[in-house]
Amino acid sequence: MSLLEVRDLKKKFGGNVAVDGISFDLQAGELLALIGPNGAGKTTTFNMVNGQLAATAGSITLDGKELTGLAPRKIAHMGVGRTFQIAATFSSLTVIENVQMALLAHHRKIYSFWRAAADQYKAEAQSLLGQVGMLAQADRPSSELAYGDVKRVELAMGLANDPKLLLMDEPTAGMAPKERNDLMALTKKLVVDRNMAVLFTEHSMDVVFAYADRMIVLARGRLIAEGGADDIRNHPKVQEVYFGTGKTFENKEAGAVQ
Ligand SMILES: Nc1ncnc2c1ncn2[C@@H]1O[C@H](COP(=O)(O)OP(=O)(O)OP(=O)(O)O)[C@@H](O)[C@H]1O
């Protein structure tokens with residue numbers, strides 16, 4: 001049994017079929033990329049896995065337990081994490097306070113307890129910051145961080161619920177190539193060290209080909225290809241949909257840093 005099993009998953013918005021009966025597996029310790037042109041159904045798939053969107057049909061199981069129909073909070077507690085952007089309101093908090101907030105949320109403490117709980121989960125937060133190489137910057141205001149470091153803190157926050165599966169939506173968007181590579185190398189290390197699974201969407205093909213263990217390709221809601229970098233690069237259907245959009249892989253790489 002795979003950690004995540006998606007079977008015949010479907011989502012309709014009115015008459016528009018955004019995800020049209022896709023099936024795939026994800027193992028613990030695997031970094032799986034979900035790619036495809038704009039409007040392919042990537043975000044919709046993601047949001048069904050974390051429970052933000054209800055599936056129209058199909059099944060999603062984690063460790064054999066059905067996730068469809070459960071609330072996002074319940075799914076998070078079952079071990080599905082996601083990286084989220086540090087909200088503007090939290091940018092005045094220090095790095096470690098942001099991670100403590102994520103831990104408080106996971107342990108269901110109420111925000112108004114925050115003052116009294118300033119020291120709560122400090123050791124756990126330090127441990128998470130250590131894992132993403134940010135311990136030395138724990139007491140800096142988040143607003144002062146370089147963009148690549150913000151992304152590391154967001155990753156630490158995504159680990160607050162000790163996820164078996166971490167969802168990352170375009171983790172490297174807006175990053176310079178060096179920062180992108182550092183973040184993905186770190187993600188890969190965490191996947192191995194924690195025996196965690198990661199499902200990520202990504203527009204930058206160089207990131208996908210360099211770091212993903214495997215990739216699945218969606219086009220118009222259908223899964224059209226699945227495999228390693230060489231399988232995907234040379235897959236006629238994949239070439240067709242990417243050429244069909246006027247974007248070759250090379251063009252996408254060149255235009256990846258926005
Ligand atoms: N809330 C919604 N209501 C109606 N249609 C939607 C909704 N969300 C997505 N869609 C439609 O579903 C299809 C898939 O969208 P989705 O955002 O999942 O694609 P995507 O692969 O993530 O695209 P992108 O790379 O542009 O983010 C599109 O046709 C989109 O217009």
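These exercises walk through a predicted model, from its domains to its helix contacts and its ligand shell.

**Exercise 1. Domains**

Find the bounds of domain 1 and domain 2, then describe the contact between them.

*Solution.*
- Step 1: Read the bounds. The domain assignment of the chain places 1-79 + 163-258 in domain 1. It places 87-161 in domain 2.
- Step 2: Count the contact. Ten residues of domain 1 touch ten residues of domain 2.
- Step 3: Look for the main contributor on the domain 1 side. H6 supplies the largest share there, with five residues.
- Step 4: Sort that side by class. Eight residues are nonpolar, none is polar and two are charged.

**Exercise 2. H5 and H6**

Work out how helix H5 is oriented against helix H6, and list the residues that meet.

*Solution.*
- Step 1: Locate the helices. H5 covers residues 147-158, and H6 covers residues 177-194.
- Step 2: Take the geometry. Their axes come within 10 Å and cross at roughly 20 degrees.
- Step 3: Apply the cut-off. Angles under 35 degrees count as roughly parallel. H5 and H6 are therefore roughly parallel to each other.
- Step 4: Give the hand. H5 and H6 cross in a right-handed way.
- Step 5: Name the partners. H5 brings Tyr147, Gly148, Lys151 and Arg152. They meet Glu179, Asp182, Leu183 and Leu186 of H6.
- Step 6: Sort the contact of H5 with H6 by class. There are three nonpolar residues, one polar and four charged.

**Exercise 3. H3 and H4**

Decide how H3 is oriented against H4, and describe their contact.

*Solution.*
- Step 1: Locate the helices. H3 is residues 95-106, and H4 is residues 122-131.
- Step 2: Take the geometry. The axes lie 9 Å apart, and the packing angle is about 115 degrees.
- Step 3: Classify. The range 65 to 115 counts as roughly perpendicular. This makes H3 roughly perpendicular to H4.
- Step 4: Give the hand. The crossing of H3 with H4 is right-handed.
- Step 5: Name the partners. Val95, Ile96, Val99, Gln100 and Leu103 come from H3. Lys122, Glu124, Ala125, Gln126, Leu128 and Leu129 come from H4.
- Step 6: Sort the contact of H3 with H4. Seven residues are nonpolar, two polar and two charged.

**Exercise 4. H3 and H5**

Classify the packing of H3 and H5, and name the residues in contact.

*Solution.*
- Step 1: Take the geometry. The axes of H3 and H5 are 8 Å apart, at an angle of about 25 degrees.
- Step 2: Classify. H3 and H5 are therefore roughly parallel to each other.
- Step 3: Give the hand. H3 and H5 make a right-handed crossing.
- Step 4: Name the partners. H3 offers Val95, Asn98, Val99 and Ala102. H5 offers Val153, Ala156 and Met157.
- Step 5: Sort by class. The contact of H3 with H5 has six nonpolar residues, one polar and no charged ones.

**Exercise 5. The ligand shell**

List the residues that surround the ligand, and find the element that gives the most to the shell.

*Solution.*
- Step 1: List the shell. The ligand is surrounded by Phe13, Asn16, Ala18, Gly36, Asn38, Gly39, Ala40, Gly41, Lys42, Thr43 and Thr44.
- Step 2: Match to elements. Strand E2 (16-26) and helix H1 (42-49) each give at least two of the shell residues.
- Step 3: Pick the top contributor. H1 gives the most, with three residues.
- Step 4: Sort by class. The shell has three nonpolar, seven polar and one charged residues.

Notes
Residues numbered from 1 in each chain as written. Predicted model: local features only at pLDDT ≥ 70, side-chain atom pairs only at ≥ 80, totals over all residues. Axes fitted to C-alpha atoms, helices over the stretch in contact; angles between N-to-C directions. Helix = DSSP H or I, 4+ residues; strand = E, 2+ residues; numbered from the N terminus. Parallel < 35°, antiparallel > 145°, perpendicular 65-115°, else oblique. Left-handed = near helix turned anticlockwise from the far one by under 90°. Contact = placed C-beta atoms within 7 Å. Nonpolar A, V, L, I, M, F, W, Y, C, P; charged D, E, K, R; others polar. Near = placed C-beta within 6 Å. Domains from an automatic or database assignment.
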